Amino acid sequence: MLVRVGIAEMGALPAEREECFGTFVALQRDRARRLAWRLVGGDEAAAEDVTQEAFVRAYQALGRFRGEASLETWFYRILVRQAHNYRRWRAVRTLWQRESVEEPIDPTSAVQSDPGLRRRIAQALDQLSRRQREAFVLVYLEGFTVQECADFLGSPSGTVKSHLHRALVKMRTELADLNDETGDATETGGA
């Protein structure tokens, strides 16, 4: 659940803004870290770094926050941008180092008992374009609405819906064989 903090609640004085921002950080820290973890591909340390950097950048820019968007929207845009920058630089470093890095596993996943399945899902997510992955993670894994996702990404909601549709098609294609193994309810006469 998003906590609505607007410019009116933030107060006009810098001290009031800092206090309000401190409350915001305390309320959003876990969700922000979880979102960063998913956006950077399951690297716990990187997620923590991305989250901290996003909060620092938001704090440094707090004086420029005009309240045209909610504080959550403004902050999550910063976080998504930080995660994107991290992934981009990680790809550059990997290219230069020529090392194979296995995708980390989500410890909070509902499929904890099957590391192979977690790896397959992580690989399928990694096959998505940046915008598709961001939209998929924000809406389907983090529970944000399409409109909130659109606000975070700075895109129209129709574009986000398009990214979500394409992401679902790719995920279904990449993981289609899993449905065959578990038994498709529609093929067995189920609903």
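Me: Let's settle one term before we start: a residue is buried under 20% relative accessible area, exposed over 50%, and partly exposed in between (1.4 Å probe, protein chains only). With that in hand, why is histidine 163 called buried?

Reply: Its relative accessibility is 16%, and the cut-off for buried is under 20%, so histidine 163 counts as buried. Please keep in mind that this is a predicted model, in which local features need pLDDT of at least 70 and side-chain atom pairs count only at pLDDT 80 or more, while totals for chains, interfaces and linings use all residues. Residues are numbered from 1 along each chain as its sequence is written, and side-chain values use heavy atoms, with hydrogens and water left out.

Me: Which residues does histidine 163 touch, not counting those up to four places away in sequence?

Reply: They are Arg131, Gln132 and Ala135. Contact here means heavy atoms within 4.5 Å.

Me: Where is the place of histidine 163, and how do you know that the span of α8 agrees with its number of residues?

Reply: Histidine 163 sits in helix α8, residues 157-174. Helices are DSSP runs of H or I with at least four residues, strands are runs of E with at least two, and both are numbered from the N terminus. The expected span of a helix is 1.5 Å times one less than its number of residues. For the 18 residues of α8 that gives 26 Å, and the end C-alpha atoms are 25 Å apart, which agrees.

Me: Which residues of α8 are buried, and how do you know that they line one face of the helix?

Reply: The buried ones are Val160, His163, Leu164, Ala167 and Met171. Looking down the axis of α8, these buried residues fall within an arc of 100°, so they line one face. The arc is that of the directions from the helix axis to the C-beta atoms. There is a simple background to this: an α-helix has 3.6 residues a turn, so residues three or four places apart point the same way.

Me: What does the face of α8 turned away from its buried side carry, and what covers the buried residues?

Reply: The face turned away carries the exposed residues Lys161, His165, Arg172 and Thr173. The cover over the buried residues includes α5 (115-126), α6 (130-141) and α7 (146-153).

Me: What makes glutamate 142 and arginine 34 a salt bridge?

Reply: The rule asks for a side-chain nitrogen of Lys or Arg within 4 Å of a carboxyl oxygen of Asp or Glu. For glutamate 142 and arginine 34 the N to O distance is 3.0 Å, so the pair meets the rule. Glutamate 142 lies in the loop between α6 and α7, and arginine 34 in helix α2 (residues 14-39), so the pair ties together parts that are 108 residues apart in sequence.

Me: How far apart are the closest N and O atoms of glutamate 142 and arginine 38?

Reply: They are 2.4 Å apart, and this pair is a salt bridge too. Arginine 38 is in helix α2, so this pair ties together parts that are 104 residues apart in sequence. Both glutamate 142 and arginine 38 are buried.

Me: Why is glutamate 134 called buried, and why is arginine 131 called partly exposed?

Reply: The two side chains meet in a salt bridge at 3.6 Å, N to O. They are three residues apart in helix α6, which means about one helical turn separates them. Glutamate 134 has 4% relative accessibility, so it counts as buried. Arginine 131 has 24%, so it counts as partly exposed. Elsewhere, salt bridges that share partners join Arg34, Arg38 and Glu142 into one network. By the salt-bridge rule, the count comes to nine.

Me: How many disulfides does a search of the whole structure find?

Reply: It finds zero. A disulfide needs a pair of cysteine sulfur atoms within 2.5 Å. As for the cysteines themselves, cysteine 20 counts as buried at 13% relative accessibility, and cysteine 149 is buried at 0%.

Me: What makes aspartate 30 exposed?

Reply: Its relative accessible area is 58%, and the cut-off for exposed is over 50%, so aspartate 30 is exposed. Aspartate 30 is found in helix α2.

Me: How many helices and strands are there in the protein chain?

Reply: There are nine helices and zero strands. Of the 191 residues in the chain, 39% count as buried.
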